[in-house]
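Hi,

Here is the structure I promised to pass on. Have a look at it first, and then read on for what turned up inside.

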Amino acid sequence: MEYITELIRTRRSVRTFDGRELTKEDVDKLSAFMEKTQNPYNIPVEFRLLDAKEQGLTCPVVSGTNLYVGVKIKRVPHAEEAFGYSVERFVLYAWSLGIGTVWIGGTMGRDAFERAIALGEDEMMPCVSPLGYPAKKMALKESMMRKAVKADSRLPFETLFFDGAFDVPLTTEKAGSLAELLEMVRWAPSAVNKQPWRAVVQGNAVHFYLKRNKGFISDATGDLQKTDLGIALCHFALVAEKCGFELNFSINDPEIATDSNTEYIGSYLLSL
C-alpha cells in the first residue's frame, strides 16, 4: 500500500462486477491481510469470506459476484470506530489488488449474512461488502445510486476543518504539512455521502469530531456515522505514516466548545 494517496483518490464504491472469480493468489492475499488488520482502539475485528450461492446470501444492488466479506466485532465502547478503521484498511488493500468493494449496511438480506458469519448476541456486523473485479461499465442502477448521493463530490475543506476552534475555518495554506492528510480525510467514503467528520487542529494535535445526522443508528448496524469516523481516522493515519509522521492516538477530550450535534471522537498527536 505504498501509494496510499493514489488509492484513496481513485478508489470508488463498486456494485457491478465482471463475473470473474477472484484468483487464488488474490484470495490468499486478502485472507492474509484480514489476519493483520489493526485499529487504534486495539479491538479485535473478525473477517470472513462468504459465498452467496452456498450460504443463501442476497443483495439486490450488487451484480456479477458471489463473493462477500462479512465482518463482526464485539459490542464494546468504540466498536464502530474500530470497525470502520479496520475495514477501510482492508478496502484500500483490496483496491490495490484491483478488487472492488462497497460498504453495505442495509440493502441486503441481513439475517442470512448474520447466520453466515455466526454473529453472537454480544457482537454486531455494521456492514458487509462484495468482492470482485469491477465491470468495465457500471449498471444503470449503480450509476443512479451514485448520482443520487453525489458520490463524487465532497464538502469544501474549510467546512470540515478548523484552526483551534470551530469558529475559525482552516485553509489549506494554513494547514501546511497537514493539508494532504486532511484532504485524504475529506475524500473518505461515508454513509449516503454525509461526510460527518470534522477536525480541529491545535498545534501538533488534530482532534476529530462527529457532526451528527439523524437516522444512522440501529441495533443491527450500531452507529454508522461513528463507523464513518473510523474510516476518516484510517485515512489520516495511513497518509500521516506515509508522510513520515509519528502518531500517538488518544481519546482525551480537549473540551473545545461545540454545538449539541457535534461529538468528540479522538485525537492524533503528530511528531516528525
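The largest cavity has a lining made up of Val-69, Val-71, Phe-83, Val-87, Phe-90, Val-91, Trp-103, Cys-127, Val-128 and Ser-129. Three elements each give two or more residues to that lining: strand E2 (67-74), helix H4 (79-96) and strand E4 (128-130). H4 gives the most, with 4 residues. By class, the lining has 9 nonpolar residues and 1 polar one, with no charged residues. The volume of this cavity is about 60 Å³, and the structure holds just 1 cavity of 30 Å³ or more. Do keep in mind that this is a predicted model.

Next, the pockets. The second largest one has about 230 Å³ of space. Around that pocket you'll find Gly-19, Arg-20, Glu-21, Leu-22, Val-27, Asp-51, Lys-53, Gly-64, Thr-65, Asn-66, Leu-67 and Leu-131. Its lining is an even mix: 4 nonpolar, 4 polar and 4 charged residues.

Then there's the packing. Nonpolar side chains tend to be buried together in soluble globular proteins. Here, the largest nonpolar core has 86 residues, and the members that touch the most others are Leu-182, Val-206, Phe-208, Phe-236, Tyr-268 and Leu-270. So which residues is Leu-182 in contact with, leaving aside its neighbours within four places in sequence? They are Phe-157, Phe-161, Leu-170, Ala-175, Ala-199, Val-201, Val-206 and Phe-236. There is also a second, separate core of 5 residues, including Val-200, Tyr-209, Ile-256 and Tyr-264.

Over to you!

Note on methods:
Residues are numbered from 1 along each chain as its sequence is written. This is a predicted model: local features need pLDDT of at least 70, side-chain atom pairs count only at pLDDT 80 or more; totals for chains, interfaces and linings use all residues. Side-chain values use heavy atoms; hydrogens and water are left out. On a 1 Å grid over the protein atoms alone, a cavity is a set of points where a 1.4 Å probe fits but cannot get out, and a pocket is an open set with protein on both sides within 12 Å along at least five of seven lines; lining residues have an atom within 4 Å of a point. Grid points are joined across faces, edges and corners, and a volume is the space filled by probe spheres set on the points. Ala, Val, Leu, Ile, Met, Phe, Trp, Tyr, Cys and Pro count as nonpolar, Asp, Glu, Lys and Arg as charged, and the others, Gly among them, as polar. A nonpolar core is a set of buried Ala, Val, Leu, Ile, Met, Phe, Trp, Tyr and Cys residues joined through side-chain atoms within 4.5 Å. Buried means under 20% relative accessible area, exposed over 50%, partly exposed in between (1.4 Å probe, protein chains only). Contact means heavy atoms within 4.5 Å.
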